[in-house]
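Okay, thanks everyone, let's get going. I'll put the structure up and then walk you through how some of its pieces pack together.

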Amino acid sequence: MEAPLQMEMVELVPNGKHLEGLLPVATPTASNQRVEGPGRSCVEGEGFLQKSPSKEPHFTDFEGKTSFGMSVFNLSNAIMGSGILGLAYAMANTGIILFLFLLTAVALLSSYSIHLLLKSSGIVGIRAYEQLGYRAFGTPGKLAAALAITLQNIGAMSSYLYIIKSELPLVIQTFLNLEEQTSGWYTNGNYLVILVSVIVILPLALMRQLGYLGYSSGFSLSCMVFFLIAVIYKKFHVPCPLPLHFANITGNFSLSEVIKEEGQLQMETDATAFCTPSYFTLNTQTAYTIPIMAFAFVCHPEVLPIYTELKDPSKRKMQHISNLSIAVMYVMYFLAALFGYLTFYDGVESELLHTYSKVDSFDVLILCVRVAVLTAVTLTVPIVLFPVRRAIQQMMFQDQEFSWLRHVLIALSLLTCINLLVIFAPNILGIFGVIGATSAPCLIFIFPAIFYFRIMPIEKEPARSTPKILALCFAALGLLLMTMSLSFIIIDWVSGTSQHGGSH
Ligand SMILES: NC(=O)C[C@H](N)C(=O)O
């Protein structure tokens with residue numbers, strides 16, 4: 001297993017591989033408690049944004065080499081993905097103010113959940129999500145965490161590869177100035193997605209450590225910054241209303257049909273109403289906003305691997321990295337959603353790129369934006385693949401030494417499966433709506449909270465202490481969101497009115 005031994009400032013605390021079987025499961029042990037000495041124990045009510053250097057665990061046996069900046073790049077890259085493309089649609093269904101409120105809440109909750117993960121890992125001296133599950137609930141806990149990570153990240157990677165499959169042919173077609181879709185292999189999404197997986201994703205996915213991906217993550221983020229700038233620019237250059245908007249409102253009729261049906265005067269009145277932003281909206285699609293946002297902020301499977309490789313690691317430093325990454329993404333998410341929404345208003349689709357394509361798919365800027373988004377999501381795949389491989393190793397090869405063969409084979413099999421899924425069963429991506437609605441709340445809310453509740457010794461924090469009660473409320477909130485998202489998806493399926501067919 002590649003997870004390193006970890007040690008606190010004074011005492012050496014082996015990770016799960018070495019202590020498993022030695023320590024009782026599910027109950028905090030004397031050894032557990034020694035990991036953070038009394039002087040450094042986490043005090044009740046400690047705020048997750050507070051600085052308290054004296055309580056920091058120091059892991060000294062594994063020499064992480066990744067700098068603060070590279071870790072921020074990696075974590076931001078893990079957060080940023082196809083989620084950003086759905087946020088303008090979310091804003092169209094909540095209004096600006098409600099969106100801002102919900103986005104702020106999800107960002108803060110996401111940061112709090114990382115705080116719980118870091119605090120739990122400090123207590124047991126383990127920086128692996130699955131091992132926290134094991135310490136809290138034994139093998140079922142470990143399997144649940146590994147399964148949620150695998151499903152969530154495979155879902156995210158499939159959505160990224162699906163974007164490549166659907167967008168790259170259009171980019172190439174435009175570059176080659178082809179008016180019609182040709183039958184050449186270079187405009188066939190299936191071939192292209194395999195090509196990108198083999199040439200770009202696989203070599204990066206074979207890196208032994210996440211830290212090496214810092215540069216590609218930095219580049220991926222700059223592509224998304226370019227995307228954001230283009231979204232802002234387009235707001236001032238795309239006319240409102242687009243004739244297309246009316247087509248959307250009236251059910252995707254062609255422009256000529258719409259013109260026939262709508263009188264000119266009526267059009268003008270509608271246009272003014274259409275191009276006015278809404279600050280507070282509630283409709284049937286509003287319910288999708290929280291799952292979209294939760295998905296957009298998922299980075300929890302990557303937090304502990306990044307922590308493991310951090311140079312001079314401490315809980316406080318990792319929390320800073322997380323807070324900074326979440327804050328930067330929060331700003332980018334808000335701006336992308338705002339300007340995307342203010343460009344198309346209610347005409348925005350659940351996938352922002354599609355909406356731009358409808359304006360003018362041969363526009364050079366739109367073309368560059370597509371290339372930027374494609375590059376960004378391509379470079380995110382290796383980061384998101386990393387925790388899945390780790391989860392598989394934790395589940396199936398836990399007591400074995402690192403092996404390059406296994407490392408390569410797991411990456412290869414994962415990429416093959418995801419490619420097959422995207423090529424042969426793109427419809428199955430709808431299933432990931434359900435998976436996303438279950439695994440994202442588990443990874444963000446439920447698991448960090450219940451693992452924390454079980455791992456934190458009652459001598460330090462009794463069951464009725466404020467942090468534990470807060471953690472339980474957090475888990476209950478996660479459960480509520482999960483039930484809510486699932487119910488809406490099922491209602492959508494049953495009534496056959498699903499409009500949320502985006503890529504995530
Ligand atoms: N890393 C993930 O699971 C999803 C990511 N937050 C996204 O927006 O695509």
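**Helix packing and salt bridges**

So, the protein chain has 20 helices and 2 strands. Keep in mind that this is a predicted model. The chain runs to 504 residues, and 58% of them count as buried. If you take the contacts with a separation of 6 or more, 82% come from residues 24 or more positions apart.

Let's talk salt bridges. How many does a search of the whole structure find? It turns up 3, and I'll take them one by one.

Start with Glu461 and Lys119, whose side chains form a salt bridge at 3.2 Å, N to O. Glu461 sits in the loop between helix 19 (431–455) and helix 20 (466–495), while Lys119 is in helix 5, residues 96–124. That's a link between distant parts of the chain, 342 residues apart. Are these two buried or exposed? Buried, both Glu461 and Lys119.

Next up, Arg370 and Glu167. Their side chains meet in a salt bridge at 2.8 Å, again N to O. Here Arg370 comes from helix 17, residues 364–396, and Glu167 from helix 7, with their positions 203 residues apart in the chain. Arg370 has a relative accessible area of 2%, so it counts as buried. Glu167 is buried too, with a relative accessible area of 2%.

Then there's Asp363 with Lys234, where the closest N and O atoms are 3.3 Å apart in the salt bridge. Why does this pair tie together separate parts of the chain? Because Asp363 lies in the loop between helix 16 (352–359) and helix 17, whereas Lys234 is in helix 9, residues 214–235, and that puts the partners 129 residues apart in sequence. Lys234 has 11% relative accessibility, so this lysine counts as buried.

That brings us to helix 9 and helix 17 themselves. Their axes come within 8 Å and cross at roughly 150 degrees. An angle over 145 counts as roughly antiparallel, so that's what helix 9 is to helix 17. The crossing is left-handed.

Who's in that contact? On the helix 9 side you have, among them, Phe219, Cys223, Met224, Phe226, Phe227 and Tyr233, and they face a helix 17 set including Leu365, Ile366, Val369, Val373, Leu379 and Ile383. Lys234, the salt-bridge lysine, is also one of the helix 9 residues in this contact. By class, the helix 9 and helix 17 contact has 16 nonpolar, 5 polar and 1 charged residues.

One residue in there I'd like to zoom in on is Ser217, in helix 9. Ser217 comes out at 0% relative accessibility, so it counts as buried. Which residues does Ser217 touch, leaving out those up to four places away in sequence? Phe73, Asn74, Asn77 and Ile383. The C-alpha atoms of Ser217 and Phe73 are separated by 5.5 Å, with the two residues 144 apart along the chain.

Now over to helix 6, residues 129–137, and helix 7, residues 139–175. Their axes come within 6 Å and cross at roughly 150 degrees. That angle makes helix 6 roughly antiparallel to helix 7. Left-handed or right-handed, this crossing of helix 6 and helix 7? Right-handed.

Helix 6 puts in Tyr129, Glu130, Gln131, Gly133, Tyr134 and Phe137, and helix 7 answers with Thr139, Pro140, Gly141, Lys142, Ala145, Ala146 and Ile149. Sorted by class, the helix 6 and helix 7 contact has 7 nonpolar, 4 polar and 2 charged residues.

Last pair: helix 5, the one carrying Lys119, against helix 6. The axes of helix 5 and helix 6 come within 10 Å and cross at roughly 65 degrees. So helix 5 is roughly perpendicular to helix 6. Helix 5 passes helix 6 in a left-handed crossing.

From helix 5 the contact takes Leu117, Ser120, Ser121 and Val124, and from helix 6 Tyr129, Leu132 and Arg135. The split there is 4 nonpolar, 2 polar and 1 charged. And notice Tyr129, which is in this contact and also in the one helix 6 makes with helix 7.

That's my tour, so over to you.

Key:
Residues numbered from 1 in each chain as written. Predicted model: local features only at pLDDT ≥ 70, side-chain atom pairs only at ≥ 80, totals over all residues. Heavy atoms only, no water. Axes fitted to C-alpha atoms, helices over the stretch in contact; angles between N-to-C directions. Helix = DSSP H or I, 4+ residues; strand = E, 2+ residues; numbered from the N terminus. Parallel < 35°, antiparallel > 145°, perpendicular 65-115°, else oblique. Left-handed = near helix turned anticlockwise from the far one by under 90°. Contact = heavy atoms within 4.5 Å. Nonpolar A, V, L, I, M, F, W, Y, C, P; charged D, E, K, R; others polar. Salt bridge = Lys/Arg side-chain N within 4 Å of Asp/Glu carboxyl O. Buried < 20%, exposed > 50% of the residue type's maximum accessible area, 1.4 Å probe, protein only.
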